[in-house]
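Here are my notes from going through this one, point by point. Have a look at the structure first, then read on.

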Amino acid sequence: MATKEQQLTSGALPFGKHIGLPTIAGPTYVTAQTLVQQVAYLLSDKLWSYSPDTFDLDVSARQWVQEQEQNVHGYSPKVQAMDIRSGAGTAALGYLFSKDFDVKRRHIPQAVLASSSALNFLRQALDQLSLLYGVSNPFVAHVAASAYDGTSNGALTADYISSMWLAEDLGFTLISSQSAHEAQHISLLGTILSQDVPVIHTYDGVRMSRDTTRVVDILDQANLQKAYQNVLKAIGDDDHKHSTAEGKVLKTMKAFNEELGTDYKAFEYYGHSAADQVLVTFGSVESSLAAQVAEKLAQAGSKVGVVNVRVYRPFIEEAFLKALPSTVKTIGVLGQVATAQEVSEGGIRSRLYEDILAAVSFNAVLDQTPEVRDVKFARSESWSPQTIAGVYHMLAGKPRTSMAQPELVPTLLDDEVQQYTFWNVDDAPSASAAYYLAQALAKDSSQNVAISMAHDNLVQGGVHRVDIRKSPKSLDATYVITEADAAVVNDVALLDKIDVVGGIEAGGKLILVLPGVKDEDVEKKLPTVARKQIAEKDLSLFLINPDATELQIEDEGFASLIVQTAFLRVALARAEETGIQKLAQFSSDSETLEKVAADLEKTLRQVEVPKEWAEVETDASKPQPLANITTNSFGSWDKSEEESPSLLQTWQKAAKGLLFKEAYGTEDRLRPDLPNKTFTVHVKENRRLTPLTYDRNIFHIEFDLGTSGLTYNIGEALGIHAENDHEQVMDFIKWYGLDPEEVVEVAALTSTHKFENRTVYQTLIQNIDIFGRPPKKFYEALAEFASDENEKNTLLTLAGPEGYKEFQRRAEVDTITYADILLEFSSAHPSFHDIARIVAPMKRREYSIASCQAVTPTSVALMVVVVNWTDPRGRDRFGQATRYMYRLRPGQPVTVSVKPSVMKLPPSSTQPIIMAGLGTGLAPFRAFVQHRAMEKAQGKEIGAVLLYMGSRHQREEYCYGEEWEAYQAAGVITLLGRAFSRDQPQKIYIQDRMRQTLDEIIQAYRKQEGAFYLCGPTWPVPDVTNVLEEAIAKEWQASGQKIKKGDTSKEIMKLKDEGRYVLEVY
């Protein structure tokens, strides 16, 4: 006998298995992520994937490419997997606007598959796309709202605010799917809406998108193509083209609904027709739950309702007000914010709340203006029917804690729904049983099955939970099971870690895999808390003992077969025979399964639960088990991960490669370890701009380009590929006992089949960030080499959740380096090739260019501040790159690269420019002013130049002061607003100087259509933006224009879309 292989390819696939593109049609079992990929694959020219490890956002699409499946345009689209890093979107942008791009495909959408955690890295490219959208392909980003929350347990959270911020800032349309049942439709709608403006389609990426469920009305390829083309045809008239952004969305949705027979709205209301309290939500799980709870409460007579926001941007106020019942007295806005701290801070409001408040405050529709409350929640919030019900009770003036009272929490699932939970240690032999059983249950066409999996890699070396629901009706339940009919646990130790029993309904069944344990020893194996709960809830307890079998079956899947058949007997007794027949299609042959089922007389037994268990006293001082696991991964931890080896070689090996290049495939390249195109330039000038007695060292450094071929544009940044300090490196080499001339061979970044050769000294100088700050994984990796048990345990503690605070202190207070750790834990002495493997590579540091190449064609200049501090040990510490640059002397070579930027001059020289720079944020504006001065010298008419600068003291930090004043005297700079915050008793900041010259800003920015730029730290952005909004409001008031709340903010967004409000902050 051999069990059939269960290909658990990915948790993003239905039942963890690949599904062919042609089979996605009609009623079938899918995940929402599969449906999103189907639409993107069939309708797009190319798919750009930004999927973190284990997220598998493109797993189906990549397989369809291999199977050479074609899209509706008659060819197989490419799926381009991209790294999530700074500048991540530039490749896609370059493809769209390449000279080689086939213009015949300009009408075909481009699609992005990404997690919300990737949006920050895509922002720069998306900002540029929004400016060029008139000549671009339609663009839609399908964004799975999923990101790590940054806490010690590394939880994955449904992050919507990243999409909300981006859509608002860049003027994108933002829509959401609220369940798997509508994921295909909304993906299609988003693709159609992208004909007018870039679209972000977001949906829960932690649970909803990955749950396997049965969706009835799936469009196959032919019908998807038909719907797409028919809706495009319906909105292709001139009337649509000349509509407002809001009008285009509404007309498109109307045509979409008419084509598909659906009733999607920008704002969808559920609940009592005369509700007093109304909740407003945006997202997937929270919206779906809020609608279900509202309907149940309304049926019971509670006057509550919910408005689910389908289209967040553009925010169509009229449609929102129309969706509200006229009776509403209180509106609770369920608004997501970034952290739990922001929830508690009264001064912080959610984005959604601000939109709702503005719409309600200035409405002319409602008879009475309702109270609007901001019900903030952090991204880490996990919603359930109980917590949503608690919000409704709170809006009604009842204590939110009343949600704990069962009679106040509506039951969303009827009695026909059966629920099962499986708790598995990842590497247990029986862990696959739940997936086999789910597939067998799904073979019953009269039933709907939903399966959900969650992974926690920090409990018991890796644990996963599988929830299975079965119902004659369609299922939409994207929350954990709290009242399971039966639960299966494959490792009894989990009962001590997790409150498994608490999630089983009273009178339910608990099945434990407990090998080799006699009845009289069961009590010793079960934790006290679990025994007490089992008795109190009157659970039936069943034990599986695989060791008791007499079957001679040598197969790794045998343990899983025992669990499968045991589950059928215990949980589905009346359907055991049918269940075995269905299991035979997936798990094993019928004959073997029947043998295993017959053998249950020996391997499965029910244990009587003594009444005394309910009376046992529990130790209150002992840590209580977790209520649930924390989802911190989408897959099991790969405990057998292997890395490409690096080897110490002799100089003779490297010499052979140089002498016999063809035989060894040798290539000569400058810095082959770097992914960017690099250039060698030489220091031309390096001078300090601040006095030697001043505590801040700001310096000007200029490089001679020579014959490097380097070119740059105004506003771009120069990447400095710095080197570690020679003396520090030699000290480390001496202390660690290394030979600086020994050759190290490492696998190339571009291909593991190629190797790069460099000396130990060169590696430490240029490649390995040995004096950088180590992450947790370094402590864990180093523990493998520790020969001292105390040191090993300390390293593992620092790498785990229990060592979080100490790790934070080391990283943020002591600023410990890799070298410090190697010195501290001397028994851990990895070889140099292991150091090259476990220590992170050095990264380039980017600085805004402070020169204009049209003015200084053979050089490039930077303005840099030295980063330095003193650690608790009294050691002087420095930023690696700034110290490297400050020590450079004229003539020394430096490796550099160029990074694009959003800082661009307006297209016309007569357009005014308003610039605000703090500290070294002045750098790009030096280039701007140089360019305007050159244009003036050429006889061109130039627009007004307003330059605002901020620093602490004029005497010490008036950097390039003489230049600015000379440009002002020459008529290049029109206004010079200098804010030296500490030169007078009252603090004066850059926004104060701007407010003092509001009329000049109105003239240059509004009346002469100038462009505004801000460069520097992020903190002044709100204050500076407020000044610009004041200028807009003052101009409108002078012309008699009425102003509603939020209008000036919308105008700023419009200016941003036009490239006239540009931020480069850090």
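**Notes on the model**

1. Starting with a charged residue out of solvent: Asp58 counts as buried, because its relative accessibility is 4%, and the cut-off for buried is under 20%. Keep in mind that this is a predicted model. The side chain of Asp58 meets that of Arg62 in a salt bridge, at 3.0 Å from N to O. Arg62 has a relative accessible area of 35%, so this partner is partly exposed.

2. Next, a pair that spans the sequence. Arg379 and Asp159 form a salt bridge through their side chains, with an N to O distance of 3.7 Å. Arg379 sits in the loop between β16 (371–378) and α14 (385–395), while Asp159 is in the loop between β7 (156–157) and α5, so the salt bridge ties together parts that are 220 residues apart in sequence. Are the two partners buried or exposed? Both Arg379 and Asp159 are buried.

3. For a pair within one helix, look at α21 (residues 590–598). Glu591 and Lys595 both lie there, 4 residues apart, which is about one turn of the helix. Their side chains meet in a salt bridge of 3.7 Å, N to O. Glu591 counts as exposed because its relative accessibility is 52%, and Lys595 counts as partly exposed because its value is 45%.

4. There is also a salt-bridge network: Glu806, Arg809, Arg810, Asp814 and Glu824 are joined into one by bridges that share partners. Over the whole structure, the search finds 44 salt bridges.

5. On to the sheets. One is an open, mixed sheet of 7 strands, in the order β18-β19-β17-β20-β21-β22-β23. Its edges are β18 (448–456) and β23 (604–607), each of which pairs on one side only. From one strand to the next, the twist averages 20 degrees. Helix α15 (residues 433–442) packs on this sheet and touches β17 (418–425), β18 and β19 (463–471), with its direction at about 165 degrees to that of β18.

6. At the β23 edge, how is β22 joined to its neighbour? Strand β22 (residues 540–544) runs antiparallel to β23, and 4 bridges join the two. One specific pairing to check is Leu541, whose bridge partner in β23 is Val607.

7. A second open sheet has 6 strands in the order β30-β27-β34-β25-β26-β31, with antiparallel pairing. Here β30 (845–848) and β31 (859–865) are the edge strands, each pairing on one side only. The twist averages 40 degrees from one strand to the next. Inside this sheet, β25 (residues 679–688) and β34 (residues 893–899) run antiparallel and are joined by 4 bridges. Val681 has Val894 of β34 as its bridge partner.

8. Helix α39 (residues 1047–1057) has several buried residues, among them Asp1047, Glu1051, Ile1052, Met1053 and Leu1055. What do the buried residues of α39 pack against? Their contacts are with α4, α5 (161–170), α37 (998–1007), α38 (1021–1038) and β39 (1061–1065). Just after α39, Gly1059 takes a positive phi of about 75 degrees.

9. Last, the surface around α4. Leu131 belongs to this helix (residues 119–131) and counts as partly exposed because its relative accessibility is 43%. Together with Leu132 and Val135, Leu131 forms a nonpolar surface patch of about 260 Å² of accessible area.

Technical notes:
Residues are numbered from 1 along each chain as its sequence is written. This is a predicted model: local features need pLDDT of at least 70, side-chain atom pairs count only at pLDDT 80 or more; totals for chains, interfaces and linings use all residues. Side-chain values use heavy atoms; hydrogens and water are left out. Two strands pair if DSSP finds at least two bridges between them. Axes are lines fitted to C-alpha atoms, for helices over the stretch in contact, and angles run from 0 to 180 degrees between N-to-C directions. Contact means heavy atoms within 4.5 Å. Patches are made of residues with over 30% relative accessible area and no salt bridge: like charges are joined within 9 Å, nonpolar side chains (Val, Leu, Ile, Met, Phe, Trp, Tyr) within 5 Å. Accessible areas come from the Shrake-Rupley method with a 1.4 Å probe; for residues, only the protein chains shown count as cover. A salt bridge is a side-chain nitrogen of Lys or Arg within 4 Å of a carboxyl oxygen of Asp or Glu. Buried means under 20% relative accessible area, exposed over 50%, partly exposed in between (1.4 Å probe, protein chains only).
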